[in-house]
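Me: I am in my first year and would like a close look at a single part of this structure, the packing of its helices and the core that goes with it. Could you take me through it slowly, in connected prose?

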Amino acid sequence: MSGLIASGGAAHAALLGLGAYRPSRIVPNSEIVDAIDSSDEWIQTRSGIKQRRWATPEETVQVMSVAAARDALADAGIDAHQIDCVIVATVSHLMQTPAIATAIAHELGTEQAAAFDISAACAGFCHGVAMASDFIRGGSARHVLVIGVERLSDITDRTDRGTAFIFADGAGAVVVGPSDRPGIGPVVWGSDGERADLIMQRETWPEALERGEMPNLTMQGNPVFRWASFAMAKIGLEALDRAGITVDELDCFVPHQANMRIVDALARSMKLPEQVRIARDIAEMGNTSAASIPLALERMKRDGEAKSGDTALFIAFGAGLAYAAQVVIVP
Ligand code: COA
């Protein structure tokens with residue numbers, strides 16, 4: 001017997017293009033404070049959020065994803081038919097099957113790309129980037145589209161003081177492809193299921209429907225805040241170490257946009273030097289879960305804070321608890 005032929009991939013993978021879609025409806029704090037007996041000042045002081053965006057009925061998960069993906073394809077100079085795999089990270093596509101990724105791949109005009117959704121909450125985008133990198137280096141795909149998309153406004157209780165001001169909507173996408181040099185560092189990822197109850201859907205679909213409600217998100221904010229601020233700094237430093245770069249060689253820090261105080265606490269704990277530019281998209285976008293990192297990077301590029309070729313550290317964390325971090329070269 002001669003055995004099987006091994007699959008061979010590219011030597012390295014990199015981000016080739018970046019895209020974003022920000023829903024049209026801007027929701028300032030003033031619009032939500034009455035329902036949660038809060039104030040603009042409290043929300044800004046505790047979370048750094050000034051406004052967020054909530055999608056209109058027409059801005060579906062698919063519509064936002066396709067828009068962000070087209071942007072990323074144009075940025076990469078890649079045609080949709082060159083994409084062989086579409087990974088969609090989301091927890092707010094409310095149709096459990098089929099995966100929204102297949103409809104997105106079809107609408108984009110890929111030639112029957114492999115397409116599937118992943119559920120790793122706010123860490124989903126970084127999980128997708130890690131998988132895409134390994135698929136390309138392993139020979140399973142040549143160009144992969146990774147989309148992070150959420151319509152969290154559909155599953156947020158507008159009267160819940162702990163979540164109503166935090167969660168929001170949007171989409172971000174990257175094209176990942178072969179490269180001469182490493183453009184995506186080793187992923188440091190993991191989970192802590194013992195604390196799965198800290199952020200979760202409040203109940204199952206049948207339980208919610210019996211009460212005529214959506215199974216909204218619920219969160220124990222304080223323990224999540226402490227976990228994210230301290231444990232995730234260690235994960236970020238490990239990702240830098242595994243990529244072989246020091247904090248002094250880092251150009252941009254793009255953590256999941258959960259809370260501005262978490263962003264600041266992470267930068268302090270990791271002792272990031274002053275010259276490292278830090279993503280602060282949360283002020284205008286709220287917490288868009290799987291979409292937050294590509295959206296934040298897109299804003300930094302647009303504002304001239306990040307440029308092509310820069311090193312950037314991603315750290316993503318959230319429900320599960322699940323987390324993933326990696327260093328990338330900005331496309
Ligand atoms: N508006 C006004 N007051 C509020 C409020 C709101 N929306 N929510 C809570 N409060 C009050 C509480 O009643 C409490 O009052 P008291 O001191 O008189 O008892 C006080 O504010 C502090 O409440 P606490 O829940 O301890 O607030 P906190 O400092 O932990 O801040 C969060 C709350 C949600 C902003 C914070 O915990 C957080 O950001 N956690 C992480 C959230 C996150 O990032 N999640 C996503 C992970 S992917």
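Reply: Helices and strands are here DSSP runs, numbered from the N terminus, where a helix has at least four residues and a strand at least two. With that numbering, P23 can be placed in the loop that joins strand 1 (12-21) to strand 2 (25-28). The model is a predicted one, and every value below is computed from it.

The packing of helix 6 (221-243) and helix 7 (260-269) is a good place to look closely. Two packed helices are described by the angle between their axes together with the distance between those axes. For helix 6 and helix 7 the angle is about 30 degrees and the axes are 8 Å apart. Since angles under 35 degrees count as roughly parallel, helix 6 is therefore described as roughly parallel to helix 7. Their crossing is right-handed, and the contact is made by F225, A228, S229, F230, M232 and A233 on helix 6 with R261, I262, A265, L266 and S269 on helix 7. Sorted by class, the contact of helix 6 with helix 7 holds eight nonpolar, two polar and one charged residues.

Helix 6 and helix 7 also belong to a wider setting, for both are among the elements that give two or more residues to the largest nonpolar core. That core has 50 residues, and F253, L313 and F317 are those with the most contacts inside it. Helix 6 supplies the largest share of the core, eight residues, while the other contributors of two or more include strand 13 (311-318) and strand 14 (322-329).

A second pair of helices offers a useful contrast. The axes of helix 2 (residues 61-76) and helix 3 (residues 100-108) come within 10 Å and cross at roughly 50 degrees, which means that helix 2 is oblique to helix 3. Helix 2, too, passes its partner, helix 3, in a right-handed crossing. On helix 2 the contact involves V61, Q62, S65, V66, A69, R70 and L73, and on helix 3 it involves I100, A103, I104, E107 and L108; by class, these are eight nonpolar, two polar and two charged residues.

Returning to the loop, P23 has 0% relative accessibility and therefore counts as buried. Leaving aside residues up to four places away in sequence, P23 touches R53, W54, A55, E59, M64, D169, G170 and M285. Finally, P23 and M260 are 237 residues apart in sequence, and their C-alpha atoms are 21 Å apart in space.

Note on methods
Residues are numbered from 1 along each chain as its sequence is written. This is a predicted model: local features need pLDDT of at least 70, side-chain atom pairs count only at pLDDT 80 or more; totals for chains, interfaces and linings use all residues. Side-chain values use heavy atoms; hydrogens and water are left out. Axes are lines fitted to C-alpha atoms, for helices over the stretch in contact, and angles run from 0 to 180 degrees between N-to-C directions. Angles under 35 degrees count as roughly parallel, over 145 as roughly antiparallel, 65 to 115 as roughly perpendicular and the rest as oblique. A crossing is left-handed if the near helix is turned anticlockwise from the far one by less than a right angle, and right-handed if clockwise. Contact means heavy atoms within 4.5 Å. Ala, Val, Leu, Ile, Met, Phe, Trp, Tyr, Cys and Pro count as nonpolar, Asp, Glu, Lys and Arg as charged, and the others, Gly among them, as polar. A nonpolar core is a set of buried Ala, Val, Leu, Ile, Met, Phe, Trp, Tyr and Cys residues joined through side-chain atoms within 4.5 Å. Buried means under 20% relative accessible area, exposed over 50%, partly exposed in between (1.4 Å probe, protein chains only).
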